[in-house]
Protein chains: 2
Amino acid sequence: MGRNKEINQVVKEERRERILLGALELFALNGLAGTKIGDIAKHTEMSNGLVYHYFSSKEEIFVELIRTALDKMIEACRFLEKMDLPPHTKIRFAIDELVKTIRTKPETSLYHLLITQAAASVSVPAGAKEQLSTKRSIPYDIIAEILLSGQKLGTIRKGKPEDLAFFFWNNINGIAMHQVMYGRKASCPHLEPLYCMFFTQENENG
Amino acid sequence: MGRNKEINQVVKEERRERILLGALELFALNGLAGTKIGDIAKHTEMSNGLVYHYFSSKEEIFVELIRTALDKMIEACRFLEKMDLPPHTKIRFAIDELVKTIRTKPETSLYHLLITQAAASVSVPAGAKEQLSTKRSIPYDIIAEILLSGQKLGTIRKGKPEDLAFFFWNNINGIAMHQVMYGRKASCPHLEPLYCMFFTQENENG
DNA sequence: GTCTATATCCAGATAGAC
DNA sequence: GTCTATCTGGATATAGAC
């Protein structure tokens, strides 16, 4: 009894996840307005109505995805922040790790794409706007902070840390987009040029 | 008579331009599906019906904008290609000039955004797909070619030219997006980190 | 929980007056 | 050329059978 309820709960959770994952692919590629509920239903092999059994509206799905995307990114950044490594190693690690995740876990690229898109768009649901305005800057701030420490040690190039952080995320997003567009077909670009952006010379070849 | 016809022709052309410019802003920010004909009409202070007097469909407007965007970009690249400058100077010039245009002519950023968005999207009209598939790679190829010449002269960092060209455009697009999002409020990021991506050391400080 | 059928609404596009 | 009114289709969301 209580038993069955638990199991049902799990099944229900699973279905939700399926819908979210399917919707993520579609939203990331076609945007909120460009994705019909019917598309999501078809893509997850459910009926139209069933989607509405799990979510009360298309926007709700979208907002939940935005929330998840932002939370995952922030979590990764906080983890990075706490690592016991010199700043320039943290940055290198962050680049390598982000790119590895992008290449191996497809939904990662989609999350990046989704956030980038949503952040640039005006006609985004209020709930998503709220998430974005409170959380979007955090990864930028954390990277900027690490870069600043590195600059003090002379291992990171000079320049406004916020500017460098901007380039950092910009390139990560671009790589994610590249991955989504060309997938396994084209190989991921080599990352040396990216390192060069951030590391001072002595450090660069190390 | 022939006189009046000419004048009318000019007025008509002007209206078309107004619609295109207004639509560009909306498409770039909200995508094709996220932009209603009514939005375009309101934004250009025309009636719904009048928009249809100049264009036969929403998609037609979109495709024309994509075409224009690609053609402008290609034209600028060809101009760059033909300049009588050493490769690394061409690259520096290209970055400076692109960023200057992005900062001073607002529609430029919107064009960049529009193309990036459309290229990533699946649900784009056939006409736009066609434009993209025949033209999108040209700016990448031209920049890669210039970078390759520079590599032969030792003024451009080594690495696959296509990869470097990818980063080149990726950062330009990111700056365009930044400009659209924060406009005049936030100042444009400093470009030194970008130069570092492409130039060899001796050259970098020159 | 899951489906089909449907009510409702909204947006693309057209018709026709001025 | 420009507008308003309207047709029409399609998409969101709901109702109700199973």
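**Notebook: two chains on two DNA strands**

I began at DNA strand C, where H3(A) gives the largest share of the nearby surface, four residues. A note to myself on terms: helices (H or I, at least four residues) and strands (E, at least two) are DSSP runs numbered from the N terminus, and a residue is near a strand if one of its heavy atoms lies within 4 Å of it.

Before going on, I should say that this is a predicted model, in which local features need pLDDT of at least 70 and side-chain atom pairs count only at pLDDT 80 or more, while totals for chains, interfaces and linings use all residues. Residues are numbered from 1 along each chain as its sequence is written, chains are lettered from A and ligands numbered from 1 in the order in which they are written, and side-chain values use heavy atoms, with hydrogens and water left out.

**Entry: DNA strand C**

I looked up who surrounds DNA strand C and found 13 residues, with A:Arg15, A:Ser47, A:Tyr54, B:Ile37 and B:Tyr52 coming nearest. Sugar or phosphate holds 72% of the strand C atoms within 4 Å of the protein, and bases hold the rest.

Next I went through polar contacts (pairs of N or O atoms within 3.5 Å; within protein, one must be able to donate a hydrogen and the other to accept it, and residues adjacent in sequence count only if both atoms are side-chain atoms). A polar side-chain atom of A:Tyr54 sits 2.6 Å from a phosphate oxygen of DNA strand C. For B:Tyr52, a polar side-chain atom is 3.0 Å from a phosphate oxygen of this strand. B:Ile37 uses a backbone N or O atom instead, 3.0 Å from a phosphate oxygen of DNA strand C. I then noted that helix H1 (2-30) and helix H3 (48-54) of chain A are the elements giving two or more residues to this surface.

By class, I have four nonpolar, five polar and four charged residues near DNA strand C. Here Ala, Val, Leu, Ile, Met, Phe, Trp, Tyr, Cys and Pro count as nonpolar, Asp, Glu, Lys and Arg as charged, and the others, Gly among them, as polar.

**Entry: DNA strand D**

Around DNA strand D I again found 13 residues, and A:Tyr52, B:Arg15, B:Ser47, B:Leu50 and B:Tyr54 come nearest. Sugar and phosphate make up 73% of the strand D atoms within 4 Å of the protein.

In the side chain of B:Tyr54, an N or O atom is 2.6 Å from a phosphate oxygen of DNA strand D. Backbone N or O atoms also reach phosphate oxygens of this strand, at 3.1 Å for A:Ile37 and 3.2 Å for A:Lys58. The elements giving two or more residues here are helix H1 (2-30) and helix H3 (48-54) of chain B, and H3(B) gives the most, with four residues.

**Entry: how the chains relate**

I checked the superposition, done by least squares on the C-alpha atoms of residues with pLDDT of at least 70 in both copies. Chain A falls on chain B after a rotation of 180° with 0.0 Å of shift along the axis (RMSD 0.0 Å). That is the relation of a two-fold axis.

**Entry: two helices**

In H6(B), twelve of the 15 residues are buried, so the helix is largely enclosed by the rest of the structure. Buried means under 20% relative accessible area, exposed over 50%, and partly exposed in between (1.4 Å probe, protein chains only). Among the buried ones I listed B:Tyr111, B:His112 and B:Leu113.

H9(A) is mostly covered too, with 18 of its 22 residues buried. Just after H9(A), I found A:Gly183 with a positive phi of about 50°.
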